[in-house]
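Trainee: Got a minute to go through this model with me? I'd like to start with the cysteines.
Mentor: Sure. Put it on the screen.

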Amino acid sequence: LTGKEAKMRVSTSQLQQLTIFTTVLTGGGIGTMYYLLQKKFSESDYHRLALQKLEACPVAMESLGAPPLKVHNIHLTDRNNCIDQHTAQIKIPVTGSKIGGYLYSSSIRDPNTNR
């Protein structure tokens, strides 16, 4: 082997290690981004206000067996969750001690208050 060919040679185990490292790093990055997006949605006005309306409805809360009301992360891949600059439609998973379900919410941004 000449000098150039010898430098280009990489062992199979090194390639396997590089592949595993890259896969773990990519998976961790994707998982972190997914978590941060869910957190951003859960802190939004449309999410918070929808839950306030649910908590203010005694019939719905009693049906769920709440309190305690457990709010789960929205599924970002769900087609019912659609958000743009002016509207938001979200499906929030919730459970109480009796049963669980989904809180469907539609919101429109007020151009005067930008909320």
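**Cysteines, strands and a ring pair**

Mentor: A search of the whole structure turns up 0 disulfides. Keep in mind that this is a predicted model.

Trainee: What about C57, then: how accessible is it?
Mentor: C57 has a relative accessible area of 30%, so it counts as partly exposed.

Trainee: And what is the figure for C82?
Mentor: The relative accessible area of C82 is 42%. That makes C82 partly exposed too, because the partly exposed class runs between the 20% and 50% cut-offs.

Trainee: Which residue stands opposite C82 in β3?
Mentor: Q89 does. C82 belongs to the β2 side of that pairing, where 2 bridges join β2 to β3.

Trainee: Which way do β2 and β3 run, parallel or antiparallel?
Mentor: Antiparallel. They form a hairpin, with 3 residues between the two strands.

Trainee: Where does Q89 go on its β4 side?
Mentor: Its bridge partner in β4 is S106. So Q89 has C82 opposite it in one pairing and S106 as partner in the other.

Trainee: How many bridges hold β3 and β4 together?
Mentor: There are 9, and the pairing is antiparallel. β3 and β4 also make a hairpin, this one with 4 residues between the strands.

Trainee: And how does β1 pair with β3?
Mentor: In the antiparallel sense, over 2 bridges. One of the partnerships is V71 with V94 in β3.

Trainee: Back to S106. Is it buried or exposed?
Mentor: Exposed, because its relative accessibility is 59%. S106 sits in strand β4.

Trainee: What does S106 touch?
Mentor: Leaving aside neighbours within four places in sequence, S106 is in contact with A88 and Q89. Q89 is its bridge partner as well.

Trainee: How far is S106 from Q14?
Mentor: Their C-alpha atoms are separated by 52 Å. Along the chain, the two are 92 residues apart.

Trainee: New topic: aromatics. How many aromatic pairs are there?
Mentor: The count is 1. The partners are Y102 and Y104, with ring centres 6.5 Å apart and planes at 55°, so the pair is tilted.

Trainee: Why quote both a distance and an angle?
Mentor: Because a pair of aromatic rings is described by the distance of the centres and the angle of the planes.

Trainee: How accessible are Y102 and Y104?
Mentor: Y102 is at 45% relative accessibility, so it counts as partly exposed. Y104 is at 52%, so it counts as exposed.

Trainee: Which residue lies over the face of Y102?
Mentor: K91, at 4.2 Å from the ring centre. Y102 is also the bridge partner of P93, in β4.

Trainee: On to the helices. Which residues of α3 are buried?
Mentor: α3 covers residues 45-55, and Y46, H47, A50, L51 and L54 are buried there. They cover an arc of only 130° around the axis, which puts them on the same side of α3.

Trainee: What do those buried residues pack against?
Mentor: Two helices come up, α2 (12-42) and α4 (58-64). The strands are β1 (70-71), β2 (82-83), β3 (87-95) and β4 (100-108).

Trainee: Where is Q38?
Mentor: In helix α2. At 10% relative accessibility, Q38 counts as buried.

Trainee: What does Q38 touch?
Mentor: N73, I74 and L76, not counting residues up to four places away in sequence.

Trainee: Last one, the prolines. Where is P67?
Mentor: In the loop between α4 and β1. P68 is placed in that loop too.

Trainee: What is the peptide bond from A66 to P67, cis or trans?
Mentor: Cis, with omega near 0°. The bond joining P67 and P68 is a cis peptide bond as well, with omega about 0°.

Trainee: Good. I'll go back over the loop on screen.

How values were computed. Residues numbered from 1 in each chain as written. Predicted model: local features only at pLDDT ≥ 70, side-chain atom pairs only at ≥ 80, totals over all residues. Heavy atoms only, no water. Disulfide = S-S within 2.5 Å. Buried < 20%, exposed > 50% of the residue type's maximum accessible area, 1.4 Å probe, protein only. Arc of directions from axis to C-beta. Contact = heavy atoms within 4.5 Å. Phe/Tyr/Trp six-rings, centres within 6.5 Å; stacked < 30°, edge-to-face > 60°. Lys NZ or Arg CZ within 6 Å of the ring centre and 35° of its normal.
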